[in-house]
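Biologist: Got a minute to go through this model with me? I'd like to start with confidence and then look at how the chains meet.

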Amino acid sequence: MALLQISEPGMSPAPHEQRLAVGIDLGTTNSLVATVRSGVPVVLPDSLGRPLLPSVVRYLQGGKAEVGYAAQAKQAVDPKNTVVSVKRFMGRGLKDVAHVENAPYDFVDAPGMVQLRTAAGVKSPVEVSSEILKALRERAEISLSGSISGAVITVPAYFDDAQRQATKDAGKLAGLNVLRLLNEPTAAAIAYGLENAAEGVYAVYDLGGGTFDLSILRLSRGVFEVVATSGDSMLGGDDFDQRLFCWAVEQAKLPPLAPRDMRLLQMKAREAKEYLTFHGEAPLTAKLSSGELVDLAIDSETFCSITQTLVNKTLGPVRKALRDASLTVEDIKGVVMVGGATRMPQVQRAVAEFFRRDPLNNLDPDKVVALGAAMQANVLAGNKPQGEDWLLLDVIPLSLGIETMGGLAEKIIPRNTTIPAAKAQEFTTFKDGQAGMSFHVVQGERELVADCRSLARFELKGIPPMAAGAARVRVTFQVDADGLLHVTARESSTGAEASVAVKPSYGLADADIERMLRDSFEHARDDMHARALSEYRVDGQRLLEATRSALSQDGRLLDDGERRAIDEAIQSLEKPLKGSDHRAIKQAIDALNRATEEFAQRRMDEGIRRALAGKRIGSL
Amino acid sequence: MQSHFELFGLPPAFGLDKQALEKAYREIQSRVHPDRFAHAGDAERRASLQWTTRVNEAYRVLKDPVQRAKHILELHGVDVAFETNTHMPSDFLLQQLELREELEAALRKKDASRLDALRTALYGQTCVLEGQIGDAIDRKKDFEEAAGQVRKLMFLDRLDAEIDEAYEEIE
């Protein structure tokens, strides 16, 4: 007889209380949205049944935007306003973008993140990405007939802090409650691991449209632990297209091309690449605007030889990850292939040769990331009862550090540290009476600051006058579960408060985000207050729900007075939630958060105590 | 503050039951990890972040022999003082010099197999030293002696990191 499972009260929401949560794979070439339906992860298709959404956004006069297939169809006729592969520009400056000369856009050269001038005005990559996310959110809301309570958005594991922050900002701008940024290979490992009940050490080889990741994970029942991750955030299927494009230009002896022709030939190169996956030879023909006909054919041998260096380039990070994990090829039980570019036979061959085993291709490399993200979103939304969920332990891909004298980077948190993580470092003054200190936060493995990514600069002011070396400034790096860095600094010898102003090098300042939000509301003829009101209402409801559930589980940790204070704060939130004053709701939310701070700490202590008690009982 | 050992309910010894550590780590993480609180209020999410950070740090320290030894010595008021106490037995220094010369030679010749051999030799030395540290801390309770051995182990760790860099340069 089957055993019926009964969950603890408050632990497992009834089906009708399940929160709608989605996983989004925001890809360089294509994007997808997936959810878990009756326990099964599924990709949500559009109204025509197509699962993929091409990551293409076309801006029109008047501020409107087309996304997906409609935009893709126009890319050759309207290249300047049709943005493809925007993921390559996320959190990047103009000088970081490869093949700028072959990109048919009007770049705006401004400090910080690169921007594009379009028919609808100057757009940042964050805004372009948010259009893609908005389209996916709408698709999901129609398909699930309800509003989405939260989303997990995937990012390449090798994305640095600026690229991650940009992705999270895009999610917020699209009106999503971003539950978590999840690394793409980790998402794939979840989908693969659960589907196949995999145990042991696995490598995930993820070659997407624009990025390459290699993660090594230890899978055991209920735990996904990333041991090491490596990659190249500027290497992907696009580069193979680019090689083929350059080859075609050379073979046909073409003069410098107009943006339209450039885009057309790039599209044809991609088609030829895809054709070569299943054929020995592919035609590459295009009619240029001058009337000239490009008529070429390429065989797979030639294609392999012009892309050999790209394939080899992926193996460096593979070796590095193995070294970081202190593992050898023999320790790897299987290699999961992810990303459309892994369909290329030369990639399959190189991986098989390196790992001395056939790679695992039994999941659709285009969908596996979105499916894994949906499964994680389902857990984060609290839709899985405890015991049926899993623990995910991920790492930061690149070391975080700070600039010291002589332009050297001092590592504060080394790469492959399990997140969340924090580390504090003390700094001192260089001159007598020095009143301020400026800090430069960098990310990367190189010794010289100039060779690392600049993340942010900030200044600490108001240090009381002291002799050189007497002030003690404690800088704390905190990396959260999204892999995002938060830096705080404090002068500790006197306890004097000092102010910190962070200027992100490639991110967006708060003011930028505000402007984008305002713009997007103007276009939608929305009202800021209505938006804020609805957001705070959702937040408030969520907080009430979470607090009540915490009280029913662990209310005994509070004495009568403490309980009364929290109950009062709950009541003070319930009242404004019925009204329409968003400020009052915000205040009541903050008050309830403050009132439950001590309770939250005690619940964590209790959780740890129970975890250890359980172990002792188990070992008796 | 609680020691890292207390946090996991383990005895404060250099000789560590790795499985017990891993089990305690996972059991605690499964209760405090931010993934459990993605829909909770700010206060709980903050507490979860703090705790997970603390647990990760403790786990990182205990897993690593150098960090674990340093932590035990700190609990006994002994500072390893790697940066300031540079006095090392001359035979050890001589040995280090030879290893480094070998590293440079391997790097010059871009010879990965020599790096492999060097690493194997280094691992052998590391194992011996770890045995000695365990003996000094857990059996003899001679923390000063242990501090000297930990400094040696830190030397070896540095060399290990340099070997990693050498592999990268050769590729």
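Biologist: What's the mean pLDDT of chain A, and what share of its residues reach 70 or more?
Modeller: Keep in mind that this is a predicted model. Chain A averages a pLDDT of 88, with 90% of its residues at 70 or more.

Biologist: Which elements of chain A have the lowest and the highest mean pLDDT?
Modeller: The lowest is strand 27 of chain A, residues 499–504, with a mean of 61. At the other end, strand 4 of chain A (residues 53–54) has the highest, 98.

Biologist: And where does pLDDT stay under 50?
Modeller: Residues 1–16 of chain A are one such stretch, and the model gives them 12 contacts beyond four places in sequence. Residues 615–620 of chain A are also below 50, with four contacts beyond near neighbours in sequence.

Biologist: Switching topic: how is chain A divided into domains?
Modeller: Domain 1 covers 15–196 + 363–388, domain 2 covers 400–509, and domain 3 covers 527–616. Going by C-alpha atoms, the centres of domain 1 and domain 3 of chain A are 31 Å apart.

Biologist: OK, now the contact with chain B. How many residues does each chain put in?
Modeller: Chain A contributes 39 residues and chain B 32 residues.

Biologist: Which element of chain A gives the most to that side?
Modeller: Helix 14 of chain A, with 11 residues. Others supplying at least two residues each include helix 7 (300–324), helix 11 (528–554) and strand 22 (421–427) of chain A.

Biologist: What's the make-up by class on the chain A side?
Modeller: The side of chain A that touches chain B has 20 nonpolar, 10 polar and nine charged residues.

Technical notes. Residues are numbered from 1 along each chain as its sequence is written. Chains are lettered from A and ligands numbered from 1 in the order in which they are written. This is a predicted model: local features need pLDDT of at least 70, side-chain atom pairs count only at pLDDT 80 or more; totals for chains, interfaces and linings use all residues. pLDDT is the predictor's confidence in each residue, from 0 to 100. Helices (H or I, at least four residues) and strands (E, at least two) are DSSP runs, numbered from the N terminus. Two residues are in contact if their C-beta atoms, placed from the backbone, lie within 7 Å. Domain bounds come from an automatic or database domain assignment. Ala, Val, Leu, Ile, Met, Phe, Trp, Tyr, Cys and Pro count as nonpolar, Asp, Glu, Lys and Arg as charged, and the others, Gly among them, as polar.
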